[in-house]
Amino acid sequence: MSILFKSGTIVTMSEGRDIIWDGSLYVEGDRIVEVGKTADLVPKYEAKADRVVDATHRVLYPGFLNIHCHSTLLACRGRAEDASNWDAIWGIMASISEAMTPEDAYMASMLAHVEMLKSGVTTVVDSGSHMIRAGDAAVDSGIRAFLHQTFRDADPVKIKEQGIYEYIPAIGDQGLQRAVELVEKFQGQDRGRIQCLMGPHATDVCSPDLLQRARREADRLGVGVTIHLAQNDVEPQQCKDAWGDWPGRMMEKAGLLGPDFIGAHAIFLNDEDIAVLARNHCSVSHNAQINAKRAHIAPVSDMIEAGINVGLGTDNMFYDIIEVMKVAQIAWRLRGGDPTQPAPETVLEMASINGSRALGMQDQVGSLEAGKLADVIMINYNRPRYTPRVQENVISNLIHFGTSNDVEMTVVGGRILVEDFTYIGGDEEAIVDQAQQSGAEVWARAREDWSRRMAKRKK
Ligand SMILES: [Zn+2]
């Protein structure tokens with residue numbers, strides 16, 4: 001199928017960051033063939049395109065990348081956001097995850113993917129419970145996905161019940177095995193749309209030995225690595241107490257780091273950690289919105305200044321990347337005290353080209369250029385909130401005033417998945433209905449369990 005988007009504004013995110021006023025973009029199959037001025041493209045392609053999309057008053061952006069997310073935890077939404085860290089993770093999220101059947105996980109993931117596609121996300125890094133069924137949801141929803149099954153060797157029961165870290169090799173073996181099975185099942189599916197990562201869970205719950213083995217498996221399978229990094233203040237201290245090193249050095253010594261590494265959150269980093277990540281050419285997923293809800297702000301400007309590549313993630317419970325861009329800008333300004341930094345363009349880079357670099361996909365996605373995969377979104381700017389619109393404020397208007405409600409079209413690899421503001425890769429209404437039913441049932445099963453756990457903790 002070929003599509004000509006004609007007469008819109010095109011934010012290319014190319015090397016020169018070109019914005020084309022009265023631009024057009026032509027897609028054939030899964031690739032972008034040409035991006036340029038409407039006057040040049042229309043005579044060449046309008047007659048032969050299967051589909052001509054009028055992009056007047058619309059702005060085309062490269063599809064956004066969400067490089068840290070747990071789609072199955074959608075089922076916790078509206079409860080875990082207002083709990084303490086401990087209650088959220090070991091109370092609510094653990095209870096909900098345990099109460100979910102594989103089918104519940106499938107529905108939660110489907111709904112999360114629909115929500116992401118409708119906010120302009122075309123690539124997601126996803127992990128959670130029942131990952132085989134969550135992976136099936138990625139295949140079915142049409143989103144571009146990097147799946148991983150997290151694993152650890154610290155005994156979760158001991159942490160949950162006594163706050164004690166005990167590293168048990170058999171737990172690590174079992175988790176690593178499942179992670180490898182996920183890669184073997186999904187890596188490369190649908191002509192490479194589905195890929196995988198190795199995802200040891202976090203630096204406090206994985207021993208250096210397990211991290212070493214994770215890296216070996218990642219290299220053997222030809223996939224990258226991701227881990228939760230310093231997402232709370234307990235984690236670095238546990239690392240230091242157990243292994244004598246802060247998380248950065250601990251991972252570096254285990255050989256885990258490299259250009260294919262994404263550390264998620266990266267809030268409680270010290271100068272040594274930042275230097276270690278920079279010298280190993282690592283990437284970080286900045287999950288601005290969930291961090292802010294937990295009363296944290298990550299040191300993003302320090303990381304970028306040191307040379308770390310920073311992309312954006314939604315993490316749990318909500319999946320709207322445009323909201324994350326907004327909070328990322330506000331959080332950075334609150335922390336830095338400078339109303340000019342970051343520029344809206346810097347935030348957009350995080351959601352696009354930086355995300356693609358983190359996944360080693362910078363030659364494929366993250367910008368609108370000839371030869372790249374046709375991951376394209378179209379935002380309707382014919383709205384009060386974007387008016388007046390002139391060449392200078394196109395990006396700024398999205399970051400300051402934009403809403404995912406205005407994402408009119410989302411295309412992944414040349415396939416239209418959102419059209420006229422509606423998910424058309426499947427039956428949106430039926431997916432919402434089924435996810436509502438299964439989600440409410442999960443809450444009914446989990447409610448008593450988390451109340452018991454949280455009450456126990458309070459004693
Ligand atoms: Zn996470």
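**Entry 1: strand β5**

I began at Thr9, and I found that this residue stands opposite Val59 in β5. I note here that the model is a predicted one, and I keep that in mind for every entry below. Two strands are partners of β5: strand β1 (residues 2-11) is joined to β5 by 2 bridges and runs parallel, whereas strand β15 (residues 376-380) is joined to β5 by 5 bridges and runs antiparallel. Val59 turned up again on the β15 side, where this residue stands opposite Ile379.

I then asked myself which way the residues of β5 point. Arg58, Leu60 and Pro62 point one way, Val59 and Tyr61 point the other way, and all of them are buried. This fits the count for the strand, in which 5 of its 5 residues are buried.

**Entry 2: from β1 to β2 and β3**

Next I followed β1 to another neighbour, and I saw that β1 and strand β2 (residues 19-28) pair in the antiparallel sense over 7 bridges; in this pairing, Ile3 stands opposite Val27 in β2. β2 in turn pairs with strand β3 (residues 31-37), again in the antiparallel sense, over 6 bridges. Glu28 has Arg31 in β3 as its bridge partner. I looked up the turn as well: the hairpin of β2 and β3 has 2 residues between the strands, and Gly29 there takes a positive phi near 60°.

**Entry 3: the nonpolar core**

I looked for the largest nonpolar core and found that it has 151 residues, with Leu25, Leu60, Met325 and Ala328 having the most contacts inside it. Helix α3 (residues 102-118) gives the largest share of this core, 10 residues. Why does this core lie between domain 1 and domain 2? Domain 1 (2-62 + 368-423) and domain 2 (64-358) both give residues to the core, so the core lies between them.

I then listed the contacts of Leu25, leaving aside its neighbours within four places in sequence, and these are Phe5, Ile10, Ile32, Val35, Leu60, Leu368 and Val376.

**Entry 4: helix α14**

Met325 and Ala328 led me to helix α14 (residues 321-336), which has 16 residues and reaches 22 Å from its first C-alpha to its last, close to the 22 Å expected at 1.5 Å a residue. I noted the buried residues of α14, among them Ile321, Val324, Met325, Ala328 and Trp332, and I was careful to record that Lys326 and Gln329 are buried too. After α14 comes Gly337, whose phi is positive, near 75°.

**Entry 5: where the two domains touch**

I returned to the domains and noted that the C-alpha centres of domain 1 and domain 2 lie 30 Å apart, while 21 residues of domain 1 are in contact with 22 residues of domain 2. On the side of domain 1 that touches domain 2, the elements giving two or more residues are β5 (58-62), α17 (394-401), β16 (407-412) and β17 (415-419). The largest share of that side, 4 residues, comes from α17. I also sorted the residues of that side by kind, and they divide into 11 nonpolar, 7 polar and 3 charged.

**Entry 6: His400**

My last stop was His400, which is found in helix α17. Is His400 buried or partly exposed? His400 is partly exposed, because it has 16 other C-beta atoms within 10 Å, and a residue counts as buried only with 20 or more. I closed by comparing positions: His400 and Leu25 are 375 residues apart along the chain, and their C-alpha atoms are separated by 26 Å.

Methods: Residues numbered from 1 in each chain as written. Predicted model: local features only at pLDDT ≥ 70, side-chain atom pairs only at ≥ 80, totals over all residues. Domains from an automatic or database assignment. Contact = placed C-beta atoms within 7 Å. Nonpolar A, V, L, I, M, F, W, Y, C, P; charged D, E, K, R; others polar. Core = buried A, V, L, I, M, F, W, Y, C linked by C-beta atoms within 7 Å. Buried ≥ 20, exposed ≤ 12 C-beta atoms within 10 Å, placed from the backbone. Expected span 1.5 Å × (residues − 1). Pairing = 2+ DSSP bridges.
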